[in-house]
Amino acid sequence: MKDRTADHRERLDAHVLVCTNSREEYDCCADAGGEETLAAVKDWLRERDAFWSSVSVVETGCLGLCSEGGAAIAIQPRDEWYSDVQPEDVPALLESAFGPEADRVDTAASQPADD
């Protein structure tokens, strides 16, 4: 086992967690466009050359914000939580977090390492 905590604390500025959880008994993000919202987050970052940056995108299970209105997104460690997010909401959400052109994302510090 390797403790990589220090490496990631230096490399990552934020984690965008997108729920794609599926379940039968309650409303869930999978049924409310979770996969499409996840794709919209990745596309927004790619379009700004910020996908391999200090922002990681993580597909998650339940974030506890279940709704039929859209997916749940959390941005950590900023402690920001959103529900009812539709793919068309992603640009405004990410612009407010990272700037219109992802100019508040440090892309140089976090390119994949050459091993």
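Helices (H or I, at least four residues) and strands (E, at least two) are here DSSP runs, numbered from the N terminus. The exercises below concern a predicted model.

**Exercise 1. Determine the order of helices and strands, and locate aspartate 31 within it.**

Solution.
Step 1. The protein contains three helices and four strands.
Step 2. Along the sequence these elements follow the pattern α-β-α-β-β-β-α.
Step 3. Aspartate 31 falls in the loop between β1 (14-19) and α2 (34-47).
Step 4. Exposed residues have over 50% relative accessible area. Aspartate 31 has a relative accessible area of 64% and is therefore exposed.
Step 5. Aspartate 31 also belongs to a negative surface patch, whose other members include Glu24, Glu25, Asp27 and Glu68.

**Exercise 2. Assess whether the overall dimensions agree or disagree with those of a compact globule.**

Solution.
Step 1. For 115 residues, a compact globule would have a radius of gyration near 13 Å.
Step 2. The protein has 15 Å, which agrees with that expectation.
Step 3. Taken along the principal axes, the box filled by the C-alpha atoms is roughly 45 × 40 × 25 Å.
Step 4. Of the 115 residues, 40% are buried. One of the residues to inspect is alanine 14 in strand β1. Its relative accessible area is 0%, so alanine 14 is buried.
Step 5. The C-alpha atom of alanine 14 is separated by 16 Å from that of aspartate 49, although the two residues are 35 apart along the chain.

**Exercise 3. Find the salt bridges and describe the setting of each.**

Solution.
Step 1. A search of the whole structure yields three salt bridges.
Step 2. One of them joins aspartate 13 to arginine 78, with the closest N and O atoms 2.7 Å apart. This pair links distant parts of the chain, 65 residues apart: aspartate 13 is in the loop between α1 (5-11) and β1, and arginine 78 is in the loop between β3 (71-76) and β4 (80-85). Aspartate 13 is partly exposed at 33% relative accessibility, and arginine 78 is partly exposed at 29%.
Step 3. Another joins aspartate 43 to arginine 46, with the closest N and O atoms 3.9 Å apart; the cut-off is within 4 Å, so this pair qualifies. Both residues lie in helix α2, three residues apart, which is about one turn of the helix. Aspartate 43 is partly exposed at 37% relative accessibility, as is arginine 46 at 47%.
Step 4. Glutamate 47 and arginine 48 also meet through their side chains in a salt bridge, at 3.4 Å from N to O. Glutamate 47 is exposed, with a relative accessible area of 62%.

**Exercise 4. Identify unusual backbone geometry involving proline 77, aspartate 79 and aspartate 84.**

Solution.
Step 1. Most residues other than glycine have a negative phi, and most peptide bonds are trans.
Step 2. The peptide bond between glutamine 76 and proline 77 is cis, with omega about 5°. Proline 77 is placed in the loop between β3 and β4.
Step 3. Aspartate 79 is not a glycine, yet it has a positive phi of about 60°. Aspartate 79 is likewise in the loop between β3 and β4, and it is exposed, with a relative accessible area of 53%.
Step 4. Aspartate 84 also has a positive phi of about 60° without being a glycine. Aspartate 84 lies in strand β4 and is partly exposed, with a relative accessible area of 35%.
Step 5. Asp84 is, in addition, one of the residues that form the negative surface patch.

Conventions: Residues are numbered from 1 along each chain as its sequence is written. This is a predicted model: local features need pLDDT of at least 70, side-chain atom pairs count only at pLDDT 80 or more; totals for chains, interfaces and linings use all residues. Side-chain values use heavy atoms; hydrogens and water are left out. Patches are made of residues with over 30% relative accessible area and no salt bridge: like charges are joined within 9 Å, nonpolar side chains (Val, Leu, Ile, Met, Phe, Trp, Tyr) within 5 Å. Accessible areas come from the Shrake-Rupley method with a 1.4 Å probe; for residues, only the protein chains shown count as cover. Lys and Arg count as positive and Asp and Glu as negative; His and the chain ends are not counted. The place of a charge is taken as NZ of Lys, CZ of Arg, CG of Asp or CD of Glu. Buried means under 20% relative accessible area, exposed over 50%, partly exposed in between (1.4 Å probe, protein chains only). The radius of gyration is taken over C-alpha atoms; the globule rule is 2.2 Å times the number of residues to the power 0.38.
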